[in-house]
Amino acid sequence: PNPTKMTTYNLGDYVQLSKKRKGYIRFEGKVPSVGECFGVELDSKDSAGNDGSISGQKFFDVKPGFGFFVKPSRIVSLIKEAKATSPPPISTENNTSNDPNTLHPNGNNGGKSPSKKKKKSTKKKGKGKKKI
């Protein structure tokens with residue numbers, strides 16, 4: 001590892017900013033009048049905060065006064081790294097999700113009735129096409 005290399009930050013990282021401000025990175029990219037920067041959702045409202053937009057252009061969603069754009073060099077430290085951003089693997093067995101659109105092996109659909117009919121079970125006998 002190169003000790004002079006800057007720390008890299010990712011969406012979802014919890015970071016320390018100057019003036020005892022802390023927050024989660026919600027945006028990374030180029031912003032007019034700022035350049036390459038991070039959009040941070042602050043823990044508490046700041047008098048210099050915004051709503052995730054600059055010059056009427058929205059970059060991330062946050063309550064007014066809780067958004068802040070900072071250059072990477074203005075991030076003091078990484079407090080907590082975001083968990084992996086890749087989605088969890090999709091499993092057809094032992095699904096315990098409460099998503100109403102997820103079919104569960106026990107047929108209870110997470111205790112909620114689905115808003116639309118999903119695929120029919122291939123375990124039904126008689127009518128219907130069998131999948132091979």
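1. Beyond its neighbours within four places in sequence, Val31 is in contact with Cys37, Ile54, Phe59 and Phe69. The structure is a predicted model, and these contacts should be read as features of that prediction.

2. Val31 belongs to strand S2, which covers residues 22-31, and its relative accessible area is 3%. Because buried means under 20% relative accessible area, Val31 counts as buried. The C-alpha atom of Val31 lies 10.0 Å from that of Lys58, a residue 27 positions away along the chain.

3. Asp13 sits in the segment before strand S1 (14-17), and this residue is buried but has no salt bridge. The nearest side chain of opposite charge is that of Arg26, at a distance of 9.3 Å; since a salt bridge requires a side-chain nitrogen of Lys or Arg within 4 Å of a carboxyl oxygen, Arg26 does not supply one to Asp13.

4. What does the side chain of Asp13 reach? The partner is the backbone nitrogen of Ala82, at 2.7 Å. Ala82 also appears among the contacts of Asp13 outside its neighbours within four places in sequence, together with Thr8, Gly23, Tyr24, Ile25, Leu78, Lys80 and Glu81.

5. On confidence, the protein has an average pLDDT of 77, with 58% of the residues scoring at least 70. Mean confidence is lowest in strand S4 (residues 53-54), at 94, and highest in S1, at 97. Where pLDDT is low, the predicted coordinates should not be interpreted in detail.

Notes. Residues numbered from 1 in each chain as written. Predicted model: local features only at pLDDT ≥ 70, side-chain atom pairs only at ≥ 80, totals over all residues. Heavy atoms only, no water. Helix = DSSP H or I, 4+ residues; strand = E, 2+ residues; numbered from the N terminus. Buried < 20%, exposed > 50% of the residue type's maximum accessible area, 1.4 Å probe, protein only. Lys, Arg positive; Asp, Glu negative; His and termini not counted. Polar contact = N/O pair within 3.5 Å; in protein donor to acceptor, adjacent residues only side chain to side chain. Contact = heavy atoms within 4.5 Å. pLDDT = per-residue confidence, 0-100.
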